[in-house]
Amino acid sequence: MDALIGLGLTAILLIATFIIGQKGERDHFEDLRRREARLRVMPVTTFETLPTGWEPTGSGIVTGSVVMSADYFKRFVAGFRKFFGGRLTMYEPLLDRARREAVVRMLEDAQKKGFDAVINVRIEGSRINRSGTEKDGVVAVEMLAYGTGIKRARKPVTPGTPKAA
């Protein structure tokens, strides 16, 4: 009887973590979409050099980082998947959210510092394990986005000419 109660509690906890994790993930994706839409006006490039016609008046490093963890349900399911092999698809949204969050934070940093664009953008990731051993599996991932924020010269607009970007 005790084993049945323990199994029932485990099932309830797994279901609860699944529901809470799904809601948290949906809410975070929605928040990311809003913030990305707001920041879409800022040019971002992986090029190391400035595009033709850009006249920088200032520059500086901009960064954004995030550490995210998968919910317990995903870790539980991933344990079974690792046993049989194959893609760990339950971790893919975690990595997508972490990458996008790091880039959004980098762009917010650039905006806060008064930059108009970000060039030479790079993204790096690392995993954080419980005890640093492979057998413990992924507990969290860290994503770091960084680049060079550029302040561009504003050209005066004369009547009859298009606005400068």
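In this predicted model, the residue K151 is found in strand β3, which covers residues 138-152. This briefing looks at the surroundings of K151, then at helix α1, and finally at a nonpolar patch on the surface that includes M1.

**K151 and its surroundings**

- K151 has a relative accessible area of 35%, and it therefore counts as partly exposed, a class that lies between buried, under 20%, and exposed, over 50%.
- Although K151 and G58 are 93 residues apart in sequence, their C-alpha atoms are 4.9 Å apart in space.
- Leaving aside residues up to four places away in sequence, K151 touches E55, P56, T57 and G58, and also G114, F115 and D116.
- With G114 there is a further detail, since a polar atom of the K151 side chain lies 3.3 Å from the backbone oxygen of G114.

**Helix α1**

- Helix α1 runs through residues 2-39, a total of 38 residues, and reaches 54 Å from its first C-alpha to its last, which is close to the 56 Å expected at 1.5 Å a residue.
- The buried residues of α1 are L14, G21, E25, H28, F29, L32, R35 and L39.
- An α-helix has 3.6 residues a turn, so residues three or four places apart point the same way.

**M1 and the nonpolar patch**

- M1 is found in the segment before α1, and with a relative accessible area of 73% this residue is exposed.
- Together with L4, I5, L7, L9 and I12, M1 forms a nonpolar patch on the surface, and the accessible area of these residues together is about 700 Å².

Note on methods:
Residues are numbered from 1 along each chain as its sequence is written. This is a predicted model: local features need pLDDT of at least 70, side-chain atom pairs count only at pLDDT 80 or more; totals for chains, interfaces and linings use all residues. Side-chain values use heavy atoms; hydrogens and water are left out. Helices (H or I, at least four residues) and strands (E, at least two) are DSSP runs, numbered from the N terminus. The expected span of a helix is 1.5 Å times one less than its number of residues. Buried means under 20% relative accessible area, exposed over 50%, partly exposed in between (1.4 Å probe, protein chains only). Contact means heavy atoms within 4.5 Å. A polar contact is a pair of N or O atoms within 3.5 Å; within protein, one must be able to donate a hydrogen and the other to accept it, and residues adjacent in sequence count only if both atoms are side-chain atoms. Patches are made of residues with over 30% relative accessible area and no salt bridge: like charges are joined within 9 Å, nonpolar side chains (Val, Leu, Ile, Met, Phe, Trp, Tyr) within 5 Å. Accessible areas come from the Shrake-Rupley method with a 1.4 Å probe; for residues, only the protein chains shown count as cover. A salt bridge is a side-chain nitrogen of Lys or Arg within 4 Å of a carboxyl oxygen of Asp or Glu.
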